[in-house]
Each structure stands twice: as C-alpha cells, then as structure tokens.
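Grab a pencil and have a go at these exercises before you peek at the solutions. Each one starts with a task and then walks through it step by step.

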Amino acid sequence: MSTLVPRQRFMELNNLALSLHLGSFDSEMLGWGFFEPRYWRNYLHTHSCFEICYAFQGEGQFQAGNTIYTVRSDDVFIARPGVSHEIISSEEQPLGIYFWTYTLTPGSQEPAQLDKPEHNRGLDSLLMAFKNSTCVVSNRTAAMLPTLELLTEEIAQRHPGYSHIIEGLVAKLLVDTARATVDEATLALAERPLSRQPDQAVAQMIERYLRDNYWRPISIRDLAAQVHLSERHTSRLFQKVMGETIMSYLTTLRLDIAAQLLLDQQIPIKEVALTVGYPDVRYFITLFHQKKGLTPAIFRQRGGTTFL
C-alpha cells in the first residue's frame, strides 16, 4: 500500500452504506475497524453478526466461546453470530488488525435450489459451507492483505468510480474469507470450473442471436454462418439441445414479446407486428390467434389474461 495512505483510513469505509448480493445471499456491511500494533484487549462480548479480524502484524490470543487460540500475523479469525469472544494482544509482539462486521443471510430463494445458474450454485455452496463451518482461525489468506490495502486506498483517495471499485473489493473480501475457512474438500467441490457441452454452447449462441435479432428476417443460413456449421447440422443441433426447432423457438419468442407490447394500449397492433418481425399484420394476427388462443385485439382488451 502507498505510504501516503495511513492504514487507519480503512475506517473511513464506515461512511459508506454497503449492501451486497452474493449468489442467493444478501449481506449488509455493518462496521469497519483497525487496531494499531500495540498492547490492547477488547474483553468478552458478542455480536448478532459475523466479525472477521485479519492480523497484519504481531500476535495475540483470541478466545471464542470456551476455546483460546493463538493468532499471528497473516491469520484471519472469525467470531460467529452469538459466540462470545475477546482478543488480547501480546505485549512483546503487539497485535495489529483490520476487522469488519456483516450479516450474511439467504435471500428469497433457497441456496440449494437446483435451477439456478451454475456459478450461483457454486457461490451458494461456498457461503453455506462458511456459515456451517467450525473453523475459527485460518492462515489461508494470501489474497486478503492486498484487498484490504486496496480498500483503504480507494476510500482515502475517492477517485471517480471508487464506490463501484469498493463494492467489488468487498465482495472479494467476503468470498476470500469464506474460502479461507472452508475445508479443502468442500472448497474444491464448491469451486468446480464452469463447463458446457459443445452442443449446449452452440445452441446458446444461436439462442442469443435469435433474441438479439428477432425483429429481422432470419433464415437458417444466417444462423449457420454465425456458428460456422452447415444449415442441416445447425438445425439438428438446436433441436436436440432445445427440444424444438429453430423456427418454432423464434415464433414463440416473437409472440411472447408481442404479448408484452400489446399491453400498451398506445401501440397500434400493426406496429406491434412490425416490431416483432411480421410486416404482414394479417399473418401476425392469424399466427397470434393460433398460438395464444386469442386475437391480438381481444388479448389486449382482456389485459393479457387468457381464460380456460
């Protein structure tokens, strides 16, 4: 860290209101602190949130519950919600620490929900393992001090965009804390590299192209050129992965977008048809009726509600 930025300025982070979404978890940052490397003691107390301490110098004792741990430079140590704890600095090698407090709660969706994106599932698994971990002290902190120093520089200098940089650094700090305290086997499981089958990757490229260009005339030739495959192979691959033909998918996509546009009474039906790629309004009306069971006019009249 630049010598022009005193470590104590880390505490200026208390001036920011920070709430994060990490996978399916919500976190609110409650406090930031810093103790110089000198003799000190903070006596037994508890929190209703997580308190994380990182020792950048010296050593001391950390009591969590009925257990006393020795903590040294480069250790991170965790006081979990409701656990009584205290820190006593060594007099011979005074302890210097950064510390921060935050909540970590599952959001509206259960973390174990299986239909979430794979990257969210991995992060959720890591954070749930952190919440359930019994680890109190860890020295797996190689990335932590640089992050704390960058946070101090950003809050001290406040260059344009600093709040966005800080939010990203705080997310990294929370994830690195979880990584440091979760056992290696769980960590390896939670951090499986993201992977897709080649066919899935190609089908997703086609799907993205359709969503970006649905309003244009689209042919199989156009899509085949995007993925560098023959037209026949492109059609077969998409249907295999998605369970429907390309044109069926495109029709459903266009009509779903049209249904949303029809809810705006100010947009003429002819304009809706053109917007979703149907210059022939009569054909659009017939197709919409076939797929949705109502003409566009009646669909609009009922406010988008269909009755069985």
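The exercises below all use this predicted model.

**Exercise 1: the overall picture**

Work out how many helices and strands the protein has, and what share of its residues count as buried.

Solution. Start with the secondary structure: the protein comes to eleven helices and ten strands. Next, go to accessibility, where buried means under 20% relative accessible area. On that basis, 41% of the 308 residues count as buried. To finish, look at the contacts in the protein with a separation of 6 or more: residues 24 or more positions apart account for 70% of them.

**Exercise 2: a sheet and its edges**

Find the order of the strands in the open sheet that holds strand 4, and say which strands stand at its edges.

Solution. First, get the order: three strands make up this open sheet, arranged 5-4-7, and the pairing is antiparallel. Now check the ends. Strand 5 (67-72) and strand 7 each have a single partner strand, so one side of each has no neighbour in the sheet. For the twist, neighbouring strands here are turned by 20 degrees against each other on average, direction ignored.

Then zoom in on one pair. Strand 4 (residues 59-64) and strand 7 run antiparallel and are joined by five bridges. As an example, Gln 63 has Glu 86 in strand 7 as its bridge partner. Last step: is strand 7 mostly covered or mostly exposed? Four of the five residues of strand 7 (residues 85-89) are buried, which leaves the strand mostly covered.

**Exercise 3: two helices packing**

Classify the packing of helix 5 against helix 8, then describe the residues that make the contact.

Solution. Begin with the geometry: helix 5 (residues 198-213) and helix 8 (residues 246-262) pack at an angle of about 40 degrees, and their axes are 10 Å apart. Angles under 35 degrees would count as roughly parallel, and 65 to 115 as roughly perpendicular. Helix 5 and helix 8 are therefore oblique to each other. As for handedness, helix 5 passes helix 8 in a right-handed crossing.

Now list who touches whom. Helix 5 brings Glu 207, Leu 210 and Arg 211, while helix 8 brings Ile 246, Tyr 249, Leu 250 and Leu 253. Sort these residues by type and you get five nonpolar, no polar and two charged.

**Exercise 4: positive phi values**

Describe the phi, location and exposure of Asp 74 and His 228.

Solution. Keep the background in mind: most residues other than glycine have a negative phi. Take Asp 74 to start with. Asp 74 isn't a glycine, yet its phi is positive, at about 80 degrees. You'll find Asp 74 in the loop between strand 5 and strand 6 (76-79). With 37% relative accessibility, Asp 74 counts as partly exposed.

Move on to His 228. His 228 has a positive phi too, of about 60 degrees, and is not a glycine. His 228 sits in the loop between helix 6 (220-227) and helix 7 (231-242). Its relative accessible area is 70%, so His 228 is exposed.

**Exercise 5: sequence versus space**

Place Lys 292 in the fold and compare its separation from Leu 255 in sequence and in space.

Solution. First, the location: Lys 292 belongs to helix 10 (residues 281-292). Second, the exposure: a relative accessible area of 27% makes Lys 292 partly exposed. Third, the separation: Lys 292 and Leu 255 are 37 residues apart in sequence, and C-alpha to C-alpha they are 8.3 Å apart in space.

Notes: Residues numbered from 1 in each chain as written. Predicted model: local features only at pLDDT ≥ 70, side-chain atom pairs only at ≥ 80, totals over all residues. Heavy atoms only, no water. Axes fitted to C-alpha atoms, helices over the stretch in contact; angles between N-to-C directions. Parallel < 35°, antiparallel > 145°, perpendicular 65-115°, else oblique. Left-handed = near helix turned anticlockwise from the far one by under 90°. Contact = heavy atoms within 4.5 Å. Nonpolar A, V, L, I, M, F, W, Y, C, P; charged D, E, K, R; others polar. Buried < 20%, exposed > 50% of the residue type's maximum accessible area, 1.4 Å probe, protein only. Pairing = 2+ DSSP bridges.
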